[in-house]
Amino acid sequence: MNCPRCKKLFRKVRQNVCPNCVKEIDREYEKCYKFMRKKENRACNVRDLSEATDVSVNQITMFILEGRLSIDNNPNMSYPCRSCGEPLRSGSLCDHCMGNLKKIAGYMKEDEQKRGEKEAQEKRERSALYRSGRDQ
Ligand SMILES: [Zn+2]
Ligand SMILES: [Zn+2]
């Protein structure tokens, strides 16, 4: 397949990117980690980190979401909610979007239940019809 990062062709083993990019990403992680660990950089935000390390905000967000980079000691670090862009410090969706998602999932469940009940009802009616036809 083609590497989504550098577009080079490679044989997919376990990683989703080519071996070159795996190494490159590891290097980027190393840079971010070192920068964030320094006391004088404790107050940095994602943008500062991105500018200082030349690592894209997207990649930094990935590191944080993967749990590779911890932002516990960097109070100003945050990344955008996947849905609305609200700054976040944990999870990939903010509480608001998470609530919406749950609501949608709830509706879908209700729908499914209603459909199931209707089908059961139709089955009962059909078998009642069959029985009454046989009795005559
Ligand atoms: Zn690549
Ligand atoms: Zn959101």
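Is I64 buried or exposed? I64 counts as buried, because its relative accessibility is 9% and the cut-off for buried is under 20%. Keep in mind that this is a predicted model. The points below start from I64 and work outwards.

1. **I64 and its contacts.** I64 is found in helix α3. Set aside residues up to four places away in sequence, and I64 touches L69, I71, M77 and Y79. One further pair deserves a look. I64 and S92 are 28 residues apart in sequence. In space, their C-alpha atoms are 9.8 Å apart.

2. **The rest of helix α3.** I64 has buried company in this helix. The buried residues of α3 are Q59, I60, T61, F63 and I64. They pack against α1, α2 and β1, the last of these spanning 79-80. After α3 comes G67. The phi of G67 is positive, near 80°.

3. **T61, a threonine in the same helix.** T61 lies in α3. T61 counts as buried because its relative accessibility is 11%, and buried means under 20%. What does T61 touch, leaving aside its neighbours within four places in sequence? The contacts are Y79 and P80.

4. **The largest nonpolar core.** This core has 27 residues. Among its members, I60, L69 and M77 touch the most others. Three elements give two or more residues to the core: α1 (19-37), α2 (46-53) and α3 (57-65). The largest share comes from α1, with 7 residues. As background, nonpolar side chains tend to be buried together in soluble globular proteins.

5. **L69, one of the best-connected core residues.** L69 is one of the three residues that touch the most other core members. Which residues does L69 touch, not counting those up to four places away in sequence? The list is Y29, C32, Y33, M36, I60, F63 and I64. Find L69 in the structure and trace these contacts one by one.

6. **The first zinc site.** The zinc ion (ligand 1) has four protein donors: the SG atoms of C3, C6, C18 and C21. They lie 2.2 to 2.3 Å from the ion. The site is tetrahedral, with angles of 106 to 116° among its 4 donor atoms. For reference, the ideal angle for four tetrahedral donors is 109.5 degrees. Along the sequence, the donor residues are spaced C-x2-C-x11-C-x2-C. Two of these cysteines can be checked for burial. C18 counts as buried, because its relative accessibility is 3%. C21 is buried too, with a relative accessible area of 4%.

7. **The second zinc site.** The zinc ion (ligand 2) is coordinated by the SG atoms of C81, C84, C94 and C97, at 2.3 Å. Why is this arrangement called tetrahedral? The 4 donor atoms subtend angles of 102 to 116°, and the tetrahedral class asks for all angles between 85 and 135 degrees. The spacing along the chain is C-x2-C-x9-C-x2-C. C94 counts as buried at 8% relative accessibility. C97 counts as buried at 7%.

8. **Two domains.** The domain assignment gives domain 1 (1-93) and domain 2 (94-136). Their C-alpha centres lie 44 Å apart. Contact involves 6 residues of domain 1 and 5 residues of domain 2. The area buried between the domains is about 370 Å². Carbon and sulfur atoms give 81% of that area. On the domain 1 side, S83, C84 and L93 lose the most area to domain 2. Together they account for 79% of what that side buries. C84 is also one of the donors of the zinc ion (ligand 2).

9. **Two backbone angles to check.** K7 is not a glycine, yet its phi is positive, about 70°. K7 lies in the segment before α1. Is K7 buried or exposed? K7 counts as exposed, because its relative accessibility is 58% and exposed means over 50%. D54 is another residue other than glycine with a positive phi, near 70°. D54 is found in the loop between α2 and α3. D54 is exposed, with a relative accessible area of 68%.

Conventions: Residues are numbered from 1 along each chain as its sequence is written. Chains are lettered from A and ligands numbered from 1 in the order in which they are written. Side-chain values use heavy atoms; hydrogens and water are left out. Donors are N, O and S atoms within 2.8 Å of the metal (3.2 Å for Na, K and Ca); water is not among the atoms, so sites may look incomplete. Four donors count as tetrahedral if all angles lie between 85 and 135 degrees; four count as square planar and six as octahedral if opposite donors are over 155 degrees apart and all others between 65 and 115; anything else is irregular. Buried means under 20% relative accessible area, exposed over 50%, partly exposed in between (1.4 Å probe, protein chains only). A nonpolar core is a set of buried Ala, Val, Leu, Ile, Met, Phe, Trp, Tyr and Cys residues joined through side-chain atoms within 4.5 Å. Helices (H or I, at least four residues) and strands (E, at least two) are DSSP runs, numbered from the N terminus. Contact means heavy atoms within 4.5 Å. Domain bounds come from an automatic or database domain assignment. Buried area is the accessible area (1.4 Å probe) that two parts lose on being put together, summed over both.
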